[in-house]
Structures are given as structure tokens and as C-alpha cells.
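Q: Please take a close look at the ligand sites of this model. I would like one connected account of what surrounds the bound molecules and how they are held in contact with the protein.

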Amino acid sequence: MSSRTSTIKFAISHVPERLPVAERERRLANPGFGRIFTEHMVRILWDSEHGWHDANLMPYAPLSLDPGTSVLHYAQAVFEGLKAFRQAAGGVSAFRAEAHAARFRNSARRLALPELPEETFLDAIDVLLAADHKWVPSAAEHSLYLRPLMYASEVSLSVHPSSEVTFLLIASPSGSYFPRGVKPVTVWLSEDFSRAAPGGTGAAKTGGNYAGGLLAQAEAAEQGCDQVVWLDSSEHRWVEEMGGMNLFFVFGSGPAARLMTPALTGTLLPGITRDSLLVLGRDLGYTVEEGRISVEDWRAGCEDGSLTEVFACGTAAVITPVAAVKSSRGSWAVGNGEPGQVSMRLRKELVDIQRGAAPDRHGWLYPGRVSSKS
Ligand code: PLP
Ligand code: COI
């Protein structure tokens, strides 16, 4: 069977035997984050002669890779992370799919990978959701996490932009990224390691940025912290972002609160949740700005009470409050250690839009172009 979409023809092959409903429901009941996967995946091939071709929906299965495959050696790969939500009025929509498609292209460009047309990225989501929509959880805080990725699949040990590339889209029913849910996290300031430097790949969503951060993440865990906060690479003074999330700082309280997030200097990932919260913060009447904050000002603001809340935000993390900061130069608490009012108001606003419980006034929900979802 095949399905004609706007850009590329997908060959569709379903799994021969679907999982019994009871087993699917059992897996969906307590999904964790990124541990279980749906029954299908999308694969599209690219090579320098034919461009994008051979688009397939196929059963989810392990890959077989030649040990000489370029990505295993030189890490030429990018990925995205976005979520599909079961909607209050029925159906399933992906949140800001077009923005994720655009960032995927930008990341690919930085990694010298071919850019996947945005319509093809959206088509891939349509085709996968049409096959696996029953895997979209309905519990509050649960969603279907979509993971598009692209890697250098040419078999070659010579260092060059790959002439063969594979795009995959997989999907993972997921709950909270942090096992304790919305409970505030403790963060570790990494003063010895750097995540990204000017001219590097910090603004791209590429695996190497995460691999390079794992030692600092392990150090954070040894210090009893949940996450690393990255600082600028030259002075280790200016706050950039977390291991897999952006940061927001809230000054003051109530309607007069001011929200600040570190500006996109080229070394931070331009988070789509970050962008959404800049818009929603303004909608709610807060003063909202992109700026910069030093470690000293973070600490001083918490100590004199002017900095009232700090939260992490990202697709996986949604909004997660930060309760305490640790570093080799000292530790301090943020607010009273409880989720702040501004953080939780923004969180509700965001989640309500994602689930169709509040009007989608910015056109952020992508309902897909395939009508077989229920
Ligand atoms: N920063 C990093 C390093 C990330 O991995 C993520 C997660 O995708 C974010 C920020 C937040 O980005 P988004 O809100 O688009 O998920
Ligand atoms: C996401 O939020 O989608 C990410 O890619 C972050 C990752 C740490 C799971």
C-alpha cells in the first residue's frame, strides 16, 4: 500500500501483527521517558546523486550498521524532539511541528547534512501518527515524544560530509523527563567544562553537544544535583542553559514580575519552549526579555529576594522549577524551594494549549494532514 503526500511518496508496510490492546495499555500506563517505542518508524534515504528518496513507513526494528559507517566515527548527525498530544476535543496534534522542522534544517546545515524539506518532515509525522496514533497516551503529563534524526550512513573512514544520509522518525510514549515529575530540581554549575564555544555547534541539536556534556552531568549527579548549568566558555561567568533545557529567571512577583532568559548568542540551543514562553509570558502581561545574567547576580538576586523563581524549560522538561544551585564556590537556594507562582502559571498556560484545553491562539498545534486519527 502507498500513501501520496505533498512531497514524497511513502511506501507503507505495517507490522504483521499488532500488539494486543491490553499489552499496549500496560506499556502506556507507566511509560517513563524514552524507554518504550511505538510499532512503526519512518525511514527516508538521501544520497548526493538522487537527493531524498525511498520514504518508508516500516515496523520499528533495530538497525544493521556496517562498522565503517561514518556516523559511528565522526558523529555527523542531528536530531529533534517534539511532542504529540491527545486533544481535549479528540484527535492528536503535534506542538509547534513547523518550528521543529525549521530547527532540524538549521541543525542539518551546521553539520553539513542535507536539509530535509519542512513538508517532508511534517509528512513523516503524519504517516507515523496515522499508523501509531493509538500509542499517544491520554494521561495528564503523558504524551507521544517524537524523535526525528538524521545521520551519516555512508561507509567511509575518510572525514568528509557524507554522501549517504538516513533520516528516521521514531516515537516514544513518555511521561515526565524527571522521575520526580514537576518537583523542583537542584542544579550544578559547571565551571571547568564548556558545552559550546563561539563558532561551534552549540546552537545545533547534535549528539556531540550532549556527549561532551556527560562528564559534567556525572559530576552533577555526584554532587547530588539533577542537572548541569552551562556557563559561557571564555569567562565561565554568564549563564547559558542546562544539559537539555533553557533557563528562565523571574524577578519580582505577581503581575509586575519580569521574566528574563539568556539571549541566543550562538552558543545556546534556540529552544522552542523558550520561544513559546516568551510569547505566553507577554500574553499574560509580564515584562519579558532576553538578556544575560552572571553567576554572581544569580546568587545575589536569590539572597536579596529580588530573584524569586528560576525554571528550566524544554520539550521533555516542559517547565521544571529550580530550587537550589550548587557550585565549587558555594550553594544557594532559589525562593523557598517550592514551585513558584509565575512558573506554574506559565506551565499551565503552555500545557493547556498543548492539550487543546485552551484556545490555540498562536496556531501552534499541528493536527496533521492525515485524517485517520481518532
Ligand atoms: N537546550 C538543550 C541543550 C536541549 O537539548 C533542549 C531540548 O530540546 C532545549 C534547550 C529546549 O529546547 P526545546 O524547548 O525546543 O525542546
Ligand atoms: C528535548 O527536550 O526534546 C530534548 O531533546 C532534551 C533531551 C535531554 C531529552
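A: What follows describes the surroundings of ligand 1 and then those of ligand 2. The model is predicted, and the distances and areas below are computed from it.

Ligand 1 sits in the largest pocket. Its shell counts 17 residues, with K205, Y210, E241, T273 and T315 coming nearest. By class, these 17 residues divide into 6 nonpolar, 7 polar and 4 charged. Three secondary-structure elements each supply at least two residues of the shell around ligand 1: the strand β12 (239–242), the helix α7 (272–283) and the strand β16 (307–314).

Oxygen atoms of ligand 1 take part in several polar contacts, including two with side chains and one with the backbone. In the side chain of Y210, a polar atom lies 2.4 Å from an oxygen atom of ligand 1. For K205, the distance from a side-chain N or O atom to an oxygen atom of this ligand is 2.7 Å. I272 contributes through its backbone, where an N or O atom is 2.7 Å from an oxygen atom of ligand 1. Taken alone, ligand 1 exposes 380 Å², of which the protein buries 97%.

Ligand 2 also sits in the largest pocket. The residues around ligand 2 are F33, F79, G81, Y145, R147, Y177, K205, G244, T315 and A316. Of this shell, 5 residues are nonpolar, 3 polar and 2 charged. The shell around ligand 2 draws on two domains, with at least three residues from domain 1 (10–177 + 360–366) and at least three from domain 2 (185–338).

The polar contacts of ligand 2 include one with Y145, whose side chain places a polar atom 2.5 Å from an oxygen atom of the ligand. K205 has a side-chain N or O atom 2.6 Å from an oxygen atom of ligand 2. A316 uses a polar backbone atom, 2.8 Å from an oxygen atom of ligand 2. On its own, ligand 2 has 280 Å² of accessible area, and the protein covers 90% of this.

K205 links the two descriptions: its side chain contacts an oxygen atom of ligand 1 and also an oxygen atom of ligand 2. T315 is likewise among the nearest residues to ligand 1 and belongs to the surroundings of ligand 2.

Terms used:
Residues are numbered from 1 along each chain as its sequence is written. Chains are lettered from A and ligands numbered from 1 in the order in which they are written. This is a predicted model: local features need pLDDT of at least 70, side-chain atom pairs count only at pLDDT 80 or more; totals for chains, interfaces and linings use all residues. Side-chain values use heavy atoms; hydrogens and water are left out. A residue is near a molecule or strand if one of its heavy atoms lies within 4 Å of it. A polar contact is a pair of N or O atoms within 3.5 Å; within protein, one must be able to donate a hydrogen and the other to accept it, and residues adjacent in sequence count only if both atoms are side-chain atoms. Accessible areas come from the Shrake-Rupley method with a 1.4 Å probe; for residues, only the protein chains shown count as cover. On a 1 Å grid over the protein atoms alone, a cavity is a set of points where a 1.4 Å probe fits but cannot get out, and a pocket is an open set with protein on both sides within 12 Å along at least five of seven lines; lining residues have an atom within 4 Å of a point. A molecule sits in a cavity or pocket if more than half of its atoms lie within 2 Å of its grid points. Ala, Val, Leu, Ile, Met, Phe, Trp, Tyr, Cys and Pro count as nonpolar, Asp, Glu, Lys and Arg as charged, and the others, Gly among them, as polar. Domain bounds come from an automatic or database domain assignment. Helices (H or I, at least four residues) and strands (E, at least two) are DSSP runs, numbered from the N terminus.
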